[in-house]
Amino acid sequence: MIRFHPHFKQRLREERGAVLISTIFFLFCLGGLLSLLLFLEQSDLLEMKTQHTADIVSKGARAAGKWEYVDSEGKRQLRLFATTEEAIQNDADIIRGAREEAAILWQLNRSALASEAKAAHAIHQKGEKAYLYRQGFYHVRIETEKSIPIWWGELDAKVGRVSQSGVYE
């Protein structure tokens, strides 16, 4: 039978305690790292959904308000109308005005963002700048806010994404 010196047994107990403390510290650091990675992934998902919604609104608005016609010189021209009323005044054949279509698309798609975020709103045409319609662009900025839980609390993520579609070729 092997006999250990009493001093050796005391050192063995002390080292077991040090290993336990080191293991707890390592697990704490690993949990914090995992929490940060999950936060980044949730914020990336929010950014992706915000960008997707912005693209749907701008491209749908452009497609609805776009009018193609041949001018007096025989050249093909493209124009973007903000409202159906404006298109009727110009005898244009469009589905709906770009701004009207964007409002409809935003209402239909906002619920998907609202279920993920605590706030979501859209800014159309940089505050309704008429010159963008004349240039053939539809511009939308969608901003969302979400509280993302992490290990030690919650962090607020604010995301803003822009999409612009034009009637150019």
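**Figure 1. The whole chain, element by element.** Helices here are DSSP runs of H or I with at least four residues, and strands are E runs of at least two, numbered from the N terminus. On that count, this predicted model has 5 helices and 5 strands in its protein chain. Read from the N terminus, the order goes α-β-β-α-α-β-α-α-β-β. The protein chain has 169 residues, and 30% of them are buried. Take the contacts between residues at least 6 apart in sequence: 56% of these join residues at least 24 apart. As for the outside, the accessible surface adds up to about 11,400 Å², and carbon and sulfur atoms account for 58% of that.

**Figure 2. A close-up of the β1 and β2 hairpin.** Here we're looking at strand β1, residues 66-70, alongside strand β2, residues 76-80. The two run antiparallel and are joined by 5 bridges. To find your way along the pair, start with Lys66, which sits opposite Leu80 in β2. Further along, Tyr69 faces Gln77 in β2. Between the strands of this hairpin there are 5 residues. Check out Gly74 while you're at it: its phi is positive, near 85 degrees.

**Figure 3. A nonpolar patch on the surface, with Leu37 as one of its members.** Six side chains to pick out here are Phe26, Leu27, Leu30, Leu33, Leu37 and Leu40, which form a nonpolar patch. Together they offer about 590 Å² of accessible area. Zoom in on Leu37, and you're in helix α1, which covers residues 6-65. Is Leu37 buried, partly exposed or exposed? Its relative accessible area is 45%, so Leu37 counts as partly exposed, given that this class lies between the 20% and 50% cut-offs.

**Figure 4. Ser165 and the residues around it.** Ser165 belongs to strand β5, which spans residues 153-166. Why does Ser165 count as buried? Because its relative accessibility is just 2%, and the cut-off for buried is under 20%. Now follow the side chain of Ser165 to the side chain of Ser58: the two make a polar contact at 3.0 Å. Ser58 isn't alone in touching Ser165, either. Setting aside neighbours within four places in sequence, Ser165 is also in contact with Lys59, Arg62, Gly136, Phe137 and Tyr138.

Technical notes:
Residues numbered from 1 in each chain as written. Predicted model: local features only at pLDDT ≥ 70, side-chain atom pairs only at ≥ 80, totals over all residues. Heavy atoms only, no water. Buried < 20%, exposed > 50% of the residue type's maximum accessible area, 1.4 Å probe, protein only. Contact = heavy atoms within 4.5 Å. Areas by Shrake-Rupley, 256 points an atom, 1.4 Å probe, with all protein chains shown as cover. Pairing = 2+ DSSP bridges. Patch = residues over 30% accessible without salt bridge, like charges linked within 9 Å, V, L, I, M, F, W, Y side chains within 5 Å. Salt bridge = Lys/Arg side-chain N within 4 Å of Asp/Glu carboxyl O. Polar contact = N/O pair within 3.5 Å; in protein donor to acceptor, adjacent residues only side chain to side chain.
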